[in-house]
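User: Hey, can you walk me through this one? I'm new to reading structures, so plain words please.

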Amino acid sequence: MTTGETMKYMLLICAGGGGVEDPGDVPTIEQWLEEVGERRLHGSQMRPGDATTVRARGGEVLLTDGPFAETKEQICGYDLLECDSLEEAQGIAARHPVAFFGSVEVRPLFDDE
């Protein structure tokens with residue numbers, strides 16, 4: 001963005017159970033939070049294994065316990081950022097500690113104003 005306006009981005013934090021090649025290069029979550037500062041509007045971890053998938057089909061509500069079984073990675077948290085550009089949000093995501101052994105999905109949000 002070149003207009004000087006900010007945009008909100010959701011980071012979906014996904015852990016896959018893999019290890020870190022060089023743990024010395026991985027920032028702590030505290031270091032990451034300090035670096036991100038006020039650009040992080042909110043965030044939280046999710047309780048592992050606790051999830052319910054809700055589907056409405058043919059007038060019935062179908063509930064499935066547990067995170068998606070088809071995926072190797074599980075969403076384990078989220079962070080809501082306000083940044084000047086997608087590139088800034090991607091740079092912040094690349095320095096998230098989980099990006100070193102899992103993945104961080106960056107999703108722009110529609111402007112609700």
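Analyst: Sure! Let's start with one pair of residues: L11 has D79 in β5 as its bridge partner. Keep in mind that this is a predicted model.

User: Okay, and how do β1 and β5 pair overall?

Analyst: They're antiparallel, and nine bridges link β1 and β5.

User: Which strand is joined to β1 by six bridges?

Analyst: That's β6, and β1 (residues 7–15) runs antiparallel to it. You can spot some of the pairs yourself: Y9 sits opposite P108 in β6, and M10 faces R107 in β6.

User: What's the strand order in the sheet, then?

Analyst: The order is β2-β5-β1-β6, an open sheet of four strands with antiparallel pairing.

User: Which strands stand at the edges, and why is one side of each left without a neighbour?

Analyst: The edge strands are β2 (40–45) and β6 (103–108). Each has a single partner strand, so one of its sides has no neighbour in the sheet.

User: How much are neighbouring strands turned against each other?

Analyst: On average by 15°, if you ignore direction.

User: Switching to helices: where does α1 lie?

Analyst: Helix α1 (residues 29–36) lies across β1, β2 and β5 (74–83). Against β2, helix α1 runs at about 160°.

User: Back to β5 for a sec. Is Q74 buried, partly exposed or exposed?

Analyst: Q74, which belongs to strand β5, has a relative accessible area of 28%, so it counts as partly exposed. The cut-offs here are under 20% for buried and over 50% for exposed.

User: And how far apart are the C-alpha atoms of Q74 and I13?

Analyst: They're separated by 8.3 Å, while along the chain Q74 and I13 are 61 residues apart.

User: New topic: which residues form the nonpolar patch on the surface?

Analyst: V54, V61 and L63 do, and together they have about 320 Å² of accessible area.

User: Tell me about V61. Which strand is it in, and is it buried or exposed?

Analyst: V61 is part of strand β4 (residues 60–65). Its relative accessibility is 61%, so V61 counts as exposed.

User: Cool. Can you recap the sheet for me?

Analyst: Sure: four strands in the order β2-β5-β1-β6, with nine bridges between β1 and β5 and six between β1 and β6.

How values were computed
Residues numbered from 1 in each chain as written. Predicted model: local features only at pLDDT ≥ 70, side-chain atom pairs only at ≥ 80, totals over all residues. Heavy atoms only, no water. Pairing = 2+ DSSP bridges. Helix = DSSP H or I, 4+ residues; strand = E, 2+ residues; numbered from the N terminus. Axes fitted to C-alpha atoms, helices over the stretch in contact; angles between N-to-C directions. Contact = heavy atoms within 4.5 Å. Patch = residues over 30% accessible without salt bridge, like charges linked within 9 Å, V, L, I, M, F, W, Y side chains within 5 Å. Areas by Shrake-Rupley, 256 points an atom, 1.4 Å probe, with all protein chains shown as cover. Salt bridge = Lys/Arg side-chain N within 4 Å of Asp/Glu carboxyl O. Buried < 20%, exposed > 50% of the residue type's maximum accessible area, 1.4 Å probe, protein only.
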